[in-house]
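Student: I should like to work through a structure by question and answer, beginning with the terms on which the reasoning rests. May we proceed in that way?

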Amino acid sequence: MTVPLSTTDSMPTVGTIRASGPSFRDGRGLDRVLVWLTLGFLVAFSALPLVYNVVMSFQSVDLFTIASFDRPFVGLDNYKAVLSQRATGTIVRNTAVFVGLSVALQLTIGFGLALYFQQRFPGSTWLRGLFLAGWIMPGLVVGGVWSWILAGDFGVMNWALQATGITSDKIFWLSDPSIALYSVIIANVWVGVPFNMILLSVGLAAIPDDVYEAAEMDGAGRIWRFLTITLPLMRAQLGAVISLGIIFTLQQFDLFAALTQGGPSNGSNVMQYWSWELSFQHYRIGQGAAVSVLMILVVICVAAIYVRSTRHEHAA
Amino acid sequence: MNMQIEIDGVDKHYGAYHALKHIDLRIPQGQFVALVGPSGCGKSTLLRTIAGLETITSGAIRIAGKDVSSAPPRARDLAMVFQSYALYPHKTVAGNMMYSMRIRGISRAKARARAEEIAKITGLEALMDRYPRELSGGQRQRVAMGRAIMREPQAFLFDEPLSNLDAALRVHMRAEIRKLHDRIGATSVYVTHDQIEAMTMADHVVVLRAGVIEQQGAPLDLYDRPVNRFVAGFIGSPAMNFVPGRIDSDGAHVILDLPDNPRLAIAGRRPAQEAVTVGLRPEHLIPGDGPNALTLPVRSVERTGSASYVRTDTQPHLMIAAADRLAGVDAGTLSVTIDPTLVHLFSPEDETALAL
């Protein structure tokens, strides 16, 4: 491949009045270097693994064939195997519940907090900054802390609920199959709220005060102003936060690893964790790849919606 | 006359800052009132307290006889045109105009019909389905006006609506707004820092400084009889010249503190030897010889074709605005005369106008 990286032939002609030095820095040469570096990085570390993953999902891959590219092509067998398992229904449903509830709660709480901190009371910016703590913590650490909080016998959560008289019996947050998934959702909502809040705060701050004042003069009360001014003007941010929230939630792996390992008996298993289990615990790598390809299709749809919503923003 | 807006002893504090100091103002039904003053004088704050967008610390505001001192904006039934226009960016021109009616539960068809009617008056018919971002500054300004006149409010409030337009458009819109006011006949309160806008548009001008009403009255009254040096200097363009001086021993002349100590007749009598500040409007200094003449050294002349502006080489500088071209006058001296009744005197201590 011949890439015109040479800087001499793209040197700007205006350089004659200048000393020779800045032509690389200011000219098109550096632009090209930066573009090709980025492209190269994306191809090597994102595109190739993605394509390789798709290829593997159509092959029979096990521990003996993992080192070679020449593996038997099995068509849609991996997909059929994955979709016909008894646990599949539960896991797909769990994934939908996990994503749906997580995103809905993150969005509602994050938007509520963003609106609250928009009120500019003393210390509001400091407090808002504190909320970021949850977001910058490594997922495994968050999972470790929550597994202590939610521990059945000695967890703070059960102690608090019993001390305040809300429940009399201990709740087995992590080992009750009907509750385990919701425990992970609670921890995931805690992780995702700051991101939602910050992004939505930025959007709220961009709405000029005088537009609200004009609406006030036009006779709109608080609720009408929220419905007819805030919500429509936040459309792009809401679209971005929802699509990114879905993508981030589909990526959420650490919390499952730290809290429930998908158990008990797949009670809290979701597709991203299942894909990992198939590939790296059962070494059915082709099937694990098939699950992740199915997830990629979902993410592509969501990403398309996200791109559309930000394009609308640029037009505005 | 029927008072539409009454402001009784209104004070506004922002923490320790006293933004409005005991404002009393009565605006009759149908009048066009301009609030004018330098930036930070409190004119916008006063307008916003009338609108209900700012609370008042003490005092009372009544609109059409109803006390609205602590009522929210929507209970006051006023319409406002903002400096930045504050159009709803996600709504079309028609949507912007219909908003206030839709909020009040009026049907879409009715609101649209009214919007079409207003669009005819404001020349927006062709733009009804455009978004604000697709409009020029002047068009946005019209939409803001159109949105305000959709309802028939108790009064219109204007917050420097023309300051974002270029000079030519500003002069044009000045006349349009006044025409619209006359056509609708509603009460208007108009905030501006531009005394020309205030003088040309308003029936009644209120001059504010540092949260205090310095003077209010008909535009030409403010020009002819300013009550203090601030109003005298603020109203009129180019601004009035101020020269220190002293009343002569006869009490009927003032001796200016300029080279050769020129002597000017005044229209009345003041105590002899009284120290005064003499106010002379540039356009009242008429080139030529005659009674009450001053001979002044010339520093520079600017000619616009219709007028010539002479700066004198004196301390302080005087500005002379002459209606002729003053051919040949570029240095040397220029003689000007002034009608004694046009000489203003102010107290050097408290800057109030001295009676003649």
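Tutor: Let us begin with a definition: a residue is buried under 20% relative accessible area, exposed over 50%, and partly exposed in between. The model is predicted.

Student: Is B:R263 buried, partly exposed or exposed?

Tutor: The relative accessible area of B:R263 is 41%. The class in between runs from the 20% limit to the 50% limit. B:R263 is therefore partly exposed.

Student: Which residue does B:R263 meet in a salt bridge, and where do the two partners lie?

Tutor: B:R263 belongs to strand β13 (residues 263-265) of chain B, while its partner sits in the loop between β11 (241-247) and β12 (253-256) of chain B. The two are 15 residues apart, and the pair links distant parts of the chain. The partner is buried, with a relative accessible area of 13%. The N to O distance is 2.4 Å, and the partner is B:D248.

Student: Which residue meets B:K43 in a salt bridge?

Tutor: B:K43 lies in helix α1 (residues 43-51) of chain B, and the partner is found 117 residues apart from it, in the loop between β7 (155-159) and α5 (167-184) of chain B. B:K43 has a relative accessible area of 5% and so is buried; the partner, at 10%, is buried as well. The N to O distance of the pair is 3.8 Å, within the 4 Å limit for a salt bridge. The partner is B:E160.

Student: In which helix do B:R114 and B:E117 both lie?

Tutor: The side chains of B:R114 and B:E117 form a salt bridge of 3.0 Å, N to O. B:R114 counts as buried at 17% relative accessibility, whereas B:E117 is partly exposed at 44%. The two residues are three apart, about one turn of the helix, and that helix is α3 (residues 108-122) of chain B.

Student: How many salt bridges does the structure hold over all chains?

Tutor: Side chains of opposite charge can pair when their charged atoms come close. Among the pairs in this model is B:R114 with B:E117. Over all chains, the number of salt bridges is 22.

Student: Which residue of chain A forms a salt bridge with B:R48?

Tutor: The count of salt bridges between chain B and chain A is one. In that pair with B:R48, the closest N and O atoms are 2.6 Å apart. A network of salt bridges links B:K12, B:R48 and B:E54 with the residue in question. That residue is A:E213.

Student: How much area do chain B and chain A bury between them?

Tutor: The contact involves 24 residues of chain B and 18 residues of chain A. Of the buried area, 62% is on carbon and sulfur atoms. The total buried between the two chains is about 1800 Å².

Student: Which elements give two or more residues to the side of chain B that touches chain A?

Tutor: Nine residue pairs are in polar contact between chain B and chain A. The elements asked for are α1, β6 (78-81) and α2 (93-103) of chain B. By class, the residues on this side of chain B are 14 nonpolar, three polar and seven charged.

Student: Which residues of domain 1 of chain B lose the most area to domain 2 of chain B?

Tutor: The domain assignment gives domain 1 as 3-234 and domain 2 as 241-346, and their C-alpha centres lie 39 Å apart. Eight residues of domain 1 are in contact with seven of domain 2. The two domains of chain B bury about 650 Å² between them, 58% of it on carbon and sulfur atoms. The residues asked for together account for 75% of what the domain 1 side buries, and they are B:Y223, B:R229 and B:A232.

Student: How many residue pairs are in polar contact between domain 1 and domain 2 of chain B?

Tutor: The count of salt bridges between these domains is zero. For polar contact, the count of residue pairs is two.

Student: Which residues are in contact with B:P238, leaving aside its neighbours within four places in sequence?

Tutor: B:P238 is placed in the loop between α8 and β11 of chain B. Its C-alpha atom is separated by 22 Å from that of B:I266, 28 residues apart along the chain. The contacts of B:P238 are B:P282, B:E283, B:Y309 and B:M319.

Note on methods:
Residues are numbered from 1 along each chain as its sequence is written. Chains are lettered from A and ligands numbered from 1 in the order in which they are written. This is a predicted model: local features need pLDDT of at least 70, side-chain atom pairs count only at pLDDT 80 or more; totals for chains, interfaces and linings use all residues. Side-chain values use heavy atoms; hydrogens and water are left out. Domain bounds come from an automatic or database domain assignment. Contact means heavy atoms within 4.5 Å. Buried area is the accessible area (1.4 Å probe) that two parts lose on being put together, summed over both. A polar contact is a pair of N or O atoms within 3.5 Å; within protein, one must be able to donate a hydrogen and the other to accept it, and residues adjacent in sequence count only if both atoms are side-chain atoms. Helices (H or I, at least four residues) and strands (E, at least two) are DSSP runs, numbered from the N terminus. Buried means under 20% relative accessible area, exposed over 50%, partly exposed in between (1.4 Å probe, protein chains only). Ala, Val, Leu, Ile, Met, Phe, Trp, Tyr, Cys and Pro count as nonpolar, Asp, Glu, Lys and Arg as charged, and the others, Gly among them, as polar.
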